[in-house]
Amino acid sequence: MSAPKSTRPTRERIVDAAEHLLRSVGLARTTTKEIAREAGCSEAALYKHYRSKEEIYVRVLKDRLPRLNPLLEELRRDPGDLGVERNLIRIAEHAVRFYEQSLPITASLFAEPALRKRHFEGVRELGQGPHVPLVALAGYLRAERDRGALRPDADPEAAATLLLGACSQRAFVYDASEGMPPPQPVEEFAAGLARTLLGGLLPAPAPGAGPTA
């Protein structure tokens, strides 16, 4: 059970408050003033812990949403021994859940171009942004290609875009179609997506070779 708000450190209360507001009213309507009020501190106290709303937003994404970027960075450093198919299934499962939760938070930005521009400029200054998982996934796939697990002419950037694009599209379609559940569970969707993608990435079997296990 979480500690009462008054006993939690101010830094954590700010993240708690930001997460609640981002999920309930969206990014465009969440201000540092509202976050401070929700957290039970002054706006000046908030700025002692975080430089900007964008920094708080990034902290919410990192700490409170499915950990897509850490998984991708881990695999880029060390692909492990699960194999490409299992790794891509894991990535797709994380990506679907990440986009399902982050899309409703950020959607309101696209109705306010000036706010959207300011937000993404601030996020980029922190070394973050929507491109980060794409770059990391392409890096992982490039490492798999370099060690011979993928065909030599495999395109890591295109493959990464196809996988993450499919995951974000699923989140967008079924968030917009309120009350209409996706036709497949996340696990089934992720497995099918990974296997379909691998059809164009795996090396061709040697002539006369039988099916692999």
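This is a short talk on how the helices pack and how charged side chains pair in one predicted model.

Okay, some ground rules. Since the model is predicted, local features need pLDDT of at least 70 and side-chain atom pairs count only at pLDDT 80 or more, while totals for chains, interfaces and linings use all residues. Residues are numbered from 1 along each chain as its sequence is written, and side-chain values use heavy atoms, with hydrogens and water left out.

Let's begin with the whole chain. We have 10 helices and 0 strands. Helices here are DSSP runs of H or I with at least four residues, strands are runs of E with at least two, and the numbering goes from the N terminus. Read from that end, the order is α-α-α-α-α-α-α-α-α-α. The C-alpha trace spans about 70 × 40 × 40 Å along its principal axes. Of the 213 residues, 40% are buried. Buried means under 20% relative accessible area, exposed means over 50%, and partly exposed is in between, using a 1.4 Å probe and protein chains only. Now for contacts, meaning heavy atoms within 4.5 Å. Take those between residues at least 6 apart in sequence: 69% of them join residues at least 24 apart.

On to the helix pairs. Two packed helices are described by the angle between their axes and the distance between the axes. The axes are lines fitted to C-alpha atoms, for helices over the stretch in contact, and angles run from 0 to 180 degrees between N-to-C directions.

So how do H5 and H8 pack? Helix H5, residues 68–77, and helix H8, residues 131–146, have axes 8 Å apart, at an angle of about 25°. That makes H5 and H8 roughly parallel; the cut-offs are under 35 degrees for roughly parallel, over 145 for roughly antiparallel, 65 to 115 for roughly perpendicular, and oblique for the rest. The H5 and H8 crossing is left-handed. Left-handed means the near helix is turned anticlockwise from the far one by less than a right angle, and right-handed means clockwise.

If you want to find the contact on screen, look in H5 for Leu68, Asn69, Leu72, Glu73, Leu75 and Arg76. Across from them, H8 brings Val132, Pro133, Val135, Ala136, Leu137, Gly139 and Tyr140. By class, that contact has 9 nonpolar, 2 polar and 2 charged residues. Nonpolar covers Ala, Val, Leu, Ile, Met, Phe, Trp, Tyr, Cys and Pro; charged covers Asp, Glu, Lys and Arg; the others, Gly among them, are polar.

Now swing over to H1, residues 10–25, and H2, residues 32–39. Their axes come within 8 Å and cross at roughly 115°, and the crossing is right-handed. Arg13, Ile14, Ala17, Ala18, His20 and Leu21 in H1 meet Glu34, Ile35, Glu38 and Ala39 in H2. This contact divides into 6 nonpolar, 1 polar and 3 charged residues.

Right, charges. Side chains of opposite charge can pair when their charged atoms come close. How many salt bridges does a search of the whole structure find? The search gives 18, where a salt bridge is a side-chain nitrogen of Lys or Arg within 4 Å of a carboxyl oxygen of Asp or Glu.

I'll show you three. One is Asp16 with Arg8, the closest N and O atoms being 2.7 Å apart. Asp16 is partly exposed at 25% relative accessible area, and Arg8 is partly exposed too, at 23%.

Another joins Arg64 and Glu19, at 2.9 Å from N to O. This pair links distant parts of the chain, with Arg64 in H4 (residues 53–64), Glu19 in H1, and their positions 45 residues apart. Arg64 or Glu19: who is buried, and who is partly exposed? Arg64 counts as partly exposed at 22%, whereas Glu19, at 18%, counts as buried.

Then there's Glu73 with Arg76, also given as 2.9 Å from N to O. Glu73 and Arg76 are 3 residues apart in helix H5, so about one helical turn separates them. Glu73 is partly exposed at 26%, and Arg76 is partly exposed at 33%. Elsewhere, salt bridges that share partners join Arg8, Glu12, Asp16, Glu19, Arg23 and Arg64 into one network.

Last stop, two alanines. Ala143 is in helix H8 and is partly exposed at 25%. Ala158 lies in helix H9, residues 156–176, and is partly exposed at 34%. The C-alpha atoms of Ala158 and Arg51 are separated by 35 Å, with their positions 107 residues apart along the chain.
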